[in-house]
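Trainee: I am new to this structure and would like to learn how its labels are earned. Could you walk me through them?

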Amino acid sequence: MVKVSVTSLAKVAAFKAVILGAPGSGKGTISARIVKVFGVTHISSGDKLREHVANSTDIGKQVKKFMDEGALVPDETMISLVSHEIESISNANYLLDGFPRTLTQAEKLQKVQPVNLVLNLIVPHSVIIDRIKSRWVHLPSGRVYNVGFNDPKVPGKDDITGEPLSQRIDDRPDVVAKRLEYYVSKTEPVIGYYKRLGILKDFQGDTTDEIWPKISENVAQYIKK
Ligand SMILES: *[C@@H]1O[C@H](CO)[C@@H](O)[C@H](O)[C@H]1NC(C)=O
């Protein structure tokens, strides 16, 4: 048994991972911790898209055209953006965030840049809805507060400017529930695909602190110190 696992670990050349998690699942926090603790490169497809558009690169110009038309950015464009990014990093260890979103994207990515681990965060929807309900935002700056664990110094007021905080319409429980359902319906085929490839790992919990130790233990197996 030991021999088998040593052999299979030795075959893992690098950490080429995807992180999946519903909006509000703590995916951002977990990703940031993986990057900080293990020194892997974070590839956020959303951030990269915005950078390309801001820099008016060839990809950026294409993307802007689709966005201006209110159309989705096609799979081919996303694949070329992401694989370009993976090729350009000197650090072989990376964490893909925000991509792939659909089965087609996952299949295409696996052809050009196969990943070897998929971290799937599972947080009960009721927990996410409660968490988001307690979120207050200072709209001009984007500063976010959470009633109960990251309170503003003065209730309802931004710490820096003293201006009033508001709740986003997007953070209303019914809107959040819809968003979560949409996420599940889009992601289920992606999860099924990675499960069939044998590279999906589920991490379940109510809070980031509960999930993190299990994630950390798993990622450590892929990173050569
Ligand atoms: C955009 O430009 C900045 C500043 O020159 C650079 O650091 C960044 O890598 C560029 N990003 C892309 C995606 O071209």
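Mentor: Gladly! At 5% relative accessibility, tyrosine 145 counts as buried. Keep in mind that this is a predicted model.

Trainee: Why is tyrosine 145 called buried?

Mentor: Buried means under 20% relative accessible area. Tyrosine 145 has 5%, so it counts as buried. This residue is found in strand β6 (residues 143-146). Leaving aside residues up to four places away in sequence, tyrosine 145 touches Ser134, Arg135, Trp136, Asn150, Asp151, Pro152, Asp158, Asp159 and Leu165.

Trainee: Arginine 135 is among those contacts. What makes arginine 135 count as partly exposed?

Mentor: Partly exposed is the range between under 20% and over 50%. Arginine 135 has 22% relative accessibility, so it counts as partly exposed. Its place is in strand β5 (residues 135-138). With the same sequence neighbours left out, arginine 135 touches Val144, Tyr145, Asn146, Gln167 and Asp171.

Trainee: Which residues does UniProt list for "binding site"?

Mentor: The unreviewed entry lists Gly24, Ser25, Gly26, Lys27, Gly28, Thr29, Arg135, Val144, Tyr145 and Thr208. Of these residues, Lys27 and Gly28 are included in the lining of the largest pocket. UniProt, again in an unreviewed entry, also places the feature "domain: Adenylate kinase active site lid" at residues 135-170. Over residues 135-170 the chain is 0% helix and 22% strand, with the end C-alpha atoms 11 Å apart.

Trainee: What about threonine 207: why is it called partly exposed?

Mentor: Threonine 207 has a relative accessible area of 39%, so it falls between the limits of 20% and 50% and is partly exposed. You will find threonine 207 in the loop between β7 (200-204) and α9. Its C-alpha atom is separated by 7.8 Å from that of glycine 26, although the two residues are 181 residues apart along the chain.

Trainee: Now the rings. How do you know that phenylalanine 15 and tyrosine 222 form an aromatic pair, and why is it edge-to-face?

Mentor: The count comes to 2 aromatic pairs. Phenylalanine 15 and tyrosine 222 are 6.3 Å apart, centre to centre, with 70° between the planes. Ring centres must lie within 6.5 Å, and planes over 60 degrees apart count as edge-to-face, so both conditions are met. The pair links distant parts of the chain, 207 residues apart: phenylalanine 15 is in the loop between α1 (2-11) and β1 (16-20), and tyrosine 222 is in the segment after α9 (208-220). Both phenylalanine 15 and tyrosine 222 are buried.

Trainee: And why is the pair of tyrosine 193 and tyrosine 194 called tilted?

Mentor: Their ring centres are 5.4 Å apart and their planes are at 50°, so the pair is neither under 30 degrees nor over 60 and counts as tilted. Tyrosine 193 and tyrosine 194 are both buried.

Trainee: How do you know that helix α5 is close to its expected span?

Mentor: Helix α5 (residues 75-88) has 14 residues and reaches 20 Å from first C-alpha to last, and 20 Å is what 1.5 Å a residue would give. Its buried residues include Thr77, Met78, Ile79 and Leu81. The buried residues of α5 pack against β2 (41-44), α3 (45-55), α4 (58-68), β3 (94-97) and α6 (103-112).

Trainee: Which residues of helix α7 are buried, and what do they pack against?

Mentor: In helix α7 (residues 125-133), Val127, Ile128, Ile129 and Ile132 are buried. They pack against β5 and α8 (173-197).

Definitions and conventions. Residues are numbered from 1 along each chain as its sequence is written. This is a predicted model: local features need pLDDT of at least 70, side-chain atom pairs count only at pLDDT 80 or more; totals for chains, interfaces and linings use all residues. Side-chain values use heavy atoms; hydrogens and water are left out. Rings of Phe, Tyr and Trp (its six-membered ring) pair if their centres lie within 6.5 Å; planes under 30 degrees apart count as stacked, over 60 as edge-to-face and the rest as tilted. Helices (H or I, at least four residues) and strands (E, at least two) are DSSP runs, numbered from the N terminus. Buried means under 20% relative accessible area, exposed over 50%, partly exposed in between (1.4 Å probe, protein chains only). The expected span of a helix is 1.5 Å times one less than its number of residues. Contact means heavy atoms within 4.5 Å. UniProt positions are given in the numbering used here, feature names are shortened, and annotations may be inferred rather than shown by experiment. On a 1 Å grid over the protein atoms alone, a cavity is a set of points where a 1.4 Å probe fits but cannot get out, and a pocket is an open set with protein on both sides within 12 Å along at least five of seven lines; lining residues have an atom within 4 Å of a point.
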